[in-house]
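Please read the account below alongside the sequence and the coordinates, taking one region after another.

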Amino acid sequence: MPLSLSAQTAYAQLLDAAQAVELARSVANLRGSFASKTVKGGVYRYFQYTELSGRLRQFYVGPDSPQVRELIAQHGEGRPMAALEPLARSAIALGCAPVLVPHFRVIRRLSDYGFFRAGGVLVGTHAFLAFGNMLGVSWGDASRTQDVDFAHAGKQLAIALPSNIEIDTPAAIDSLKMGFLPLGSSDGKHGGTWLSPRDPDFQLDFITPQHRGGVPYRHAQLGITLQPLKFMEYLLQDVQQAVLFCADGAVVVNVPHPLRYAMHKLIVAGERGATRAAKSNKDLRQSAALLAHYRQGSGWEAREAWGDLVSRGPGWKTRALRGLSAVEKLAPELGVQDWLDSAGKR
């Protein structure tokens, strides 16, 4: 079901505003205090704050002046993030889909710690929810889940991170005080999953493409072990930006390209096994919904995404065709297979 034009406009405005706030992160976004130092008769202003890692930092603002005092006054009036709250509430009132508040808290905290700026990607059903707002579509209840899934390309990251970047992901999770506990991995270290004893269905998963050997990958700069999964490398190409929100605010996140997400679901649906039939069906429903949307246009994008998928080897192609047949059985009225045939599937 399409979102109204006013809802689509509200989402676009919220995305622009959230991106501007993210780009302009500065003193006004940090929790801390100002201090003065007198050096050789001159008064100089500094801002001191505690890094998310727990280390006290201080940087120079400038000599005491009307301009610096104005900056200090603006900091006291509130952070720019607060300006996103009315825009988020407006988007929700007009029909855009919000994130559940506990999930939003987790996602925003990881953003605060720099997870997305370091190449992290939000995947799974929360990405699917974001796609609805991005594409101007309401998915209904199909976008609800209790898992929050994060991915990182790990060794295959296409951007260069500064050598001194350190993101303490476990500290970010602990700082939420939501009771998440890490599951251990086979090597005795923390694995890629956190569970909440208070709500066993609420879990955080951190995943990465599977490399030779299929062992968990310890990402030193992120401070976390990533669980390897097959076929993830396809999903983590051509990453997009979206804004997730609830009544408490908004946050910019990285998400996969919607078409790649849809076609990736064709492959993974058949990998879950009979014991996870409900998740397989959800995979197929999400894929069908996205493919139905793109069927109205964007043939070149479909050709590109499908061509990349099937060119990765016979195993990839066999699984993708099997998933496509399953989507056809689930929603034959969509005619997705004929559309991909005409888009150059074979």
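Helices, in the sense used here, are DSSP runs of H or I that span at least four residues, and they are numbered from the N terminus. With that in mind, the end of one helix can be described: just after α5, G136 takes a positive phi of about 75°. What is shown is a predicted model, and every value in this report was computed from it.

Helix α5 itself covers residues 125-135. Nine of the eleven residues of α5 are buried, so this helix is largely enclosed by the rest of the structure. The buried residues are T125, H126, A127, F128, L129, A130, F131, G132 and N133.

The next topic is the nonpolar core. As a general tendency, nonpolar side chains in soluble globular proteins are buried together. In this model the largest nonpolar core has 85 residues, and F150 and F206 are the members that touch the most others. Helix α1, residues 5-23, supplies the largest share of this core, with seven residues.

Which residues does F150 touch, once those up to four places away in sequence are set aside? Its contacts are V106, I107, L110, F115, F116, V121, L122, V123, D205, F206 and I207. F150 also belongs to one aromatic cluster, which it forms together with F115, F116, W194 and F206.

F150 lies in strand β5, which runs over residues 147-151 and is mostly covered, with five of its five residues buried. The side chains of this strand are divided between two directions: D147, D149 and A151 point one way, whereas V148 and F150 point the other way, and all of them are buried. Strand β5 is paired with strand β4, residues 121-123, through three bridges in an antiparallel arrangement, and in this pairing A151 of β5 is the bridge partner of V121. Strand β5 is also joined to strand β8, residues 199-209, by five bridges, and these two strands run parallel; here D147 has Q203 of β8 as its bridge partner.

Aromatic rings offer another way to follow the chain, since a search of the whole structure finds twelve aromatic pairs. Two of these pairs are set out in the table.

| Pair | Distance between ring centres | Angle between planes | Arrangement |
|---|---|---|---|
| F131 and Y261 | 5.1 Å | 75° | edge-to-face |
| Y234 and W316 | 6.5 Å | 65° | edge-to-face |

The pair of F131 and Y261 links distant parts of the chain, with F131 in helix α5 and Y261 in helix α8 (residues 258-268), 130 residues apart. Both F131 and Y261 are buried. The pair of Y234 and W316 likewise links distant parts of the chain, with Y234 in helix α7 (residues 232-235) and W316 in helix α11 (residues 314-330), 82 residues apart. Y234 has 0% relative accessibility and therefore counts as buried, and W316, with a relative accessible area of 12%, is buried as well.

Each ring of this second pair also has an arginine over it. R260 lies over the face of Y234, at 4.5 Å from the ring centre, while the charged end of R312 sits over the ring of W316, 5.4 Å from its centre.

A last point concerns cysteine. How many disulfides does the structure hold? It holds zero disulfides. Among its cysteines, C96 counts as buried at 3% relative accessibility, and C246 is buried with a relative accessible area of 2%.

Technical notes. Residues numbered from 1 in each chain as written. Predicted model: local features only at pLDDT ≥ 70, side-chain atom pairs only at ≥ 80, totals over all residues. Heavy atoms only, no water. Core = buried A, V, L, I, M, F, W, Y, C linked by side-chain atoms within 4.5 Å. Buried < 20%, exposed > 50% of the residue type's maximum accessible area, 1.4 Å probe, protein only. Contact = heavy atoms within 4.5 Å. Pairing = 2+ DSSP bridges. Phe/Tyr/Trp six-rings, centres within 6.5 Å; stacked < 30°, edge-to-face > 60°. Lys NZ or Arg CZ within 6 Å of the ring centre and 35° of its normal. Disulfide = S-S within 2.5 Å.
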